[in-house]
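Here are some short exercises to work through with the model at hand. Try each task yourself before reading the solution.

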Amino acid sequence: MKSSFEDLAIFGGVPAFNDKLHVGRPNIGDRQRLLERINDILDRRWLTNSGPYVQEFEQRIADLVGAKHCIAMCNGTVALEIAIRAMRLTGEVIVPSFTFIATAHALQWQEITPVFCDINPHTHNIDPCQVERLITPRTTGIIGVHVWGRGCDVDALTDITRRRNLKLLFDAAHAFGCSYKGRMIGNFGDAEIFSFHATKFFNTFEGGAVVTNNDELATTIRLMKNFGFAGYDNVIYVGTNGKMSEVSAVMGLTGLESLDEFIAINYRNYDQYRRELEGLPGVHFLTYNETERYNYQYIVLEIDRAATRISRDHLVQILHAENILARRYFYPGCHRMEPYRSHFPHAGLLLPETERVAERVLSLPTGTAIGPEEIRAICNIIRLALQNVEAVNMRLESSWASREPLRGLAEDM
Ligand SMILES: Cc1ncc(COP(=O)(O)O)c(C=O)c1O
């Protein structure tokens, strides 16, 4: 454990970790069980095309969420694209800018204009109060994102879409296993999508799903994810290839058997971070409302520079030098990335909270790959940095001025 700021790697100290600590290192369930199932797939030679494991996986997800239909997909982005198309969204769709770029791209990919809406700074989720003034005659729907797995204001968005005759889709990529007002996420709007990417708390290597209680929509989505085939030699719809493979499904089925354990470990990590970082001036720790269900996959800090006197970016540099790959999710916001930056150069004027939060947010490693010792070391480094801001800032600014590379700075800053 480092005891002085001079031990920090930015001052030439040995990095706290030999191996890089990633924010979302994959959780893996029972390896033996996984390999048995993979063997079974190979014996059966049914590798994809809605095989028995994909069917079982879909049923398990639908049961867990309590939704009527689950259509498994090759990833969350394709799940979004297909849901958007099946719901016949066109023209303009209102989305938060404070999200992963796939939410906006899934629209733009289909020549639908994402209209970026500001967020509530306390929840980091789309602000329903800002939505209505963005509605135009071209608006066909809203995509709410449950950022960090904390449900966005489903009730307010449902009310707006009902009154204004719009469609409602939720990007629940972060929110598998989470609830909103006691009901599992996956049951709201016209449909919701999950991502089961390797960095999510539950993964199928790559994967995703659309969940919906709408029978007609589910039928269309099933057709669309399989080229529009309604049977041998019978295409009745335009479609694409969104299928999940059998090997992904067994990764999922195996992971589902350890889901409670993954959540318990994430909760333990979250609780330890909360206790260890308590009371640090200017560091706001994002908390989860204990009356809901969460997967606790995101450990998020907001750094208030006025109080800490150190910028979020300097803190990220300090952590990266220690091989702790903290991330600035979702910096700088979709509206400041291409092609949206060029399409809407003044979008930031309507997104002050998004810009403010994107400058402050920092996400820390969690999951089954780290334990109490690692968390203690990470929090110790944050404390050391914040208790020695003058020296730390001087060091970082002088290395920047002299272009001296700092050890351990990751390329994906
Ligand atoms: C909010 C959000 N939406 C969509 C996606 C896209 O999911 P995938 O990576 O499975 O395509 C992600 C994740 O990576 C995400 O975080």
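**Exercise 1.** How many residues surround the ligand, and which are the closest?

*Solution.* Start with the ground rules: this is a predicted model, where local features need pLDDT of at least 70, side-chain atom pairs count only at pLDDT 80 or more, and totals for chains, interfaces and linings use all residues. Residues are numbered from 1 along each chain as its sequence is written, and side-chain values use heavy atoms, with hydrogens and water left out.

Next, collect every residue with a heavy atom within 4 Å of the ligand. This gives 14 residues, the closest being Gly76, Thr77, Asp171, Ser195 and Lys200.

Finally, sort the shell by residue class: three are nonpolar, nine polar (Gly counts among these) and two charged (Asp, Glu, Lys or Arg).

**Exercise 2.** Find N or O atoms of Gly76, Thr77 and His174 that pair with ligand oxygen atoms.

*Solution.* Look for polar contacts, meaning pairs of N or O atoms within 3.5 Å. Gly76 uses a backbone N or O atom, 2.8 Å from a ligand oxygen. Thr77 offers a side-chain N or O atom at 2.5 Å from an oxygen of the ligand. For the side chain of His174, the corresponding distance is 3.0 Å. Now turn to the surface: the ligand taken alone exposes 380 Å², and the protein buries 92% of that (Shrake-Rupley method, 1.4 Å probe).

**Exercise 3.** Is Ser3 buried or exposed?

*Solution.* First locate Ser3 in the segment before strand E1 (21-22), a DSSP run of at least two E residues. Then check its relative accessible area: at 63%, Ser3 is exposed (over 50%). Last, its C-alpha atom is separated by 8.5 Å from that of Asn380, 377 residues away along the chain.

Conventions
Polar contact = N/O pair within 3.5 Å; in protein donor to acceptor, adjacent residues only side chain to side chain. Helix = DSSP H or I, 4+ residues; strand = E, 2+ residues; numbered from the N terminus. Buried < 20%, exposed > 50% of the residue type's maximum accessible area, 1.4 Å probe, protein only.
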